[in-house]
Amino acid sequence: MLKKRLPALVLSLVLALAACPAAFAEPLQSGRFPLPDFDVPCRAAVLIDVSSGEVLYEKQPDTQMPIASITKVMTLLLTFEALDAGKVSLQDTVPVSDHAYGMGGSQIWLEPGEVFTLEEMIKAVCVASANDAAVALAEFIGGSEPAFAEMMNQKAAGLGMTNTTFKNACGLDEEGHLSTARDVAIMSREMLLAHPNITDYTTIWMDTLRGGATQLLNTNKLLKRYQGITGLKTGTTSGAGVCIAASASRDGLDLLAVVLGAASSGERFDAATALLDYGFANFENAAAPLPENAPASLPVSGGAREAVELRYQLPEKLLVKKGEGASLTTALDLPDRLTAPLADGQQVGTVTVYAGETALGAWPVCAAQEVAPMTVRLAFERMLAGLLAH
């Protein structure tokens, strides 16, 4: 049996890196890295690695509280899902109802009967955090804001946001409209992973609507202050305090910092900056290496094929402590020979990746094709071919 621990080297052997069946990970996970004990100026906070969902910092992560306009991340998530499903398009016109017109707080001063494209409404929500535009989107996608709020809650439940209840689409204070730092991180991570083009809108600093008559200025001031910032959403109400879900990317590492209940805008941005700085200073993403002896195929006994090609499922991004990426090692666990029948995608072995003596995880090696059992006719044909060859 192949079972060796080898240095991670660049392979000259080209192997198929295709997905085999694997269990879905929990939305967020923790435990691989000790959590730091420094404090940030807010009621609750979470820092995660977006790719893996690993929690790198937390403060009161499961305490329910209002989240203000960070609510709009869910509004945008459902909007982008409708776009992907072909139910709506960016060029669709979104009407303005009296209800949307009546929203207070941040807005673009929509008038009843006024019409904007769906893309313009998305820009208004992402850049200016417009409550009236968020409600107009909700009515367009869900039929009414209450119906859309039910969609929001169903999606939250599906994502495992166990401490969240949405009452509206924009985040204005309303009794029972509550979430947590952890749930905001789950929702924001889903937005970034499933719809990465959201950052095309959340990174806009300035834009205009109504032919230049209405100016849009991004509420996320980190766009001008923090290297690699990509979004995602700010929020402020009297009940929620000052909040942000701040996403940033540097050198292949994607981080998300959630800050809830800060006392001021400055403290909100300071807290998010401290969390992101900690993440970028202490972690990096590395490509999980294949061992240099990884075979492209294995022989098969009793099968219609004499050998089967292999697929190796390894993550393109593997979160490690800063500086560990270049020294990862691997252990390959494969039999010398397989026995038919084999299904396409059937797991036949594992690759375990190590940082020092610590196992970071094990990933499957799978059969790349089906191998049916040997038939009597095929066995005879092979025997005959062997005799004729001699």
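Here is a short conversation about confidence, a hairpin and salt bridges in this predicted model.

Trainee: What pLDDT does the protein chain average?

Mentor: Good place to start, since this model is predicted. Of the residues, 89% score at least 70. Residues 1–19 do not, with a pLDDT below 50. For the protein chain, the average is 91.

Trainee: Which residue in the hairpin of β6 and β7 takes a positive phi?

Mentor: Look first at the strands: β6 (residues 206–209) and β7 (residues 214–217) pair in the antiparallel sense over four bridges. One of the pairings puts D207 opposite its bridge partner in β7, L216. Between the strands lie four residues, and the one with a positive phi, near 55°, is R210.

Trainee: Is D39 buried or exposed?

Mentor: D39 forms a salt bridge with K59, with the closest N and O atoms 2.8 Å apart. D39 lies in the loop between β1 and β2 and K59 in strand β3, so the pair ties together parts 20 residues apart in sequence. K59 has a relative accessible area of 19% and is buried. Exposed means over 50%, and D39 has a relative accessible area of 57%, so D39 is exposed.

Trainee: How many residues apart in sequence are the parts that K155 and E81 tie together?

Mentor: These two form a salt bridge, and their closest N and O atoms are 2.6 Å apart. K155 sits in helix α5 and E81 in helix α1, so the parts tied together are apart in sequence by 74 residues.

Trainee: Which residue is linked with E58 and D62 in a network of salt bridges?

Mentor: The count of salt bridges comes to eight. In the network, E58 and D62 are linked with R182.

Terms used
Residues are numbered from 1 along each chain as its sequence is written. This is a predicted model: local features need pLDDT of at least 70, side-chain atom pairs count only at pLDDT 80 or more; totals for chains, interfaces and linings use all residues. Side-chain values use heavy atoms; hydrogens and water are left out. pLDDT is the predictor's confidence in each residue, from 0 to 100. Contact means heavy atoms within 4.5 Å. Two strands pair if DSSP finds at least two bridges between them. Helices (H or I, at least four residues) and strands (E, at least two) are DSSP runs, numbered from the N terminus. A salt bridge is a side-chain nitrogen of Lys or Arg within 4 Å of a carboxyl oxygen of Asp or Glu. Buried means under 20% relative accessible area, exposed over 50%, partly exposed in between (1.4 Å probe, protein chains only).
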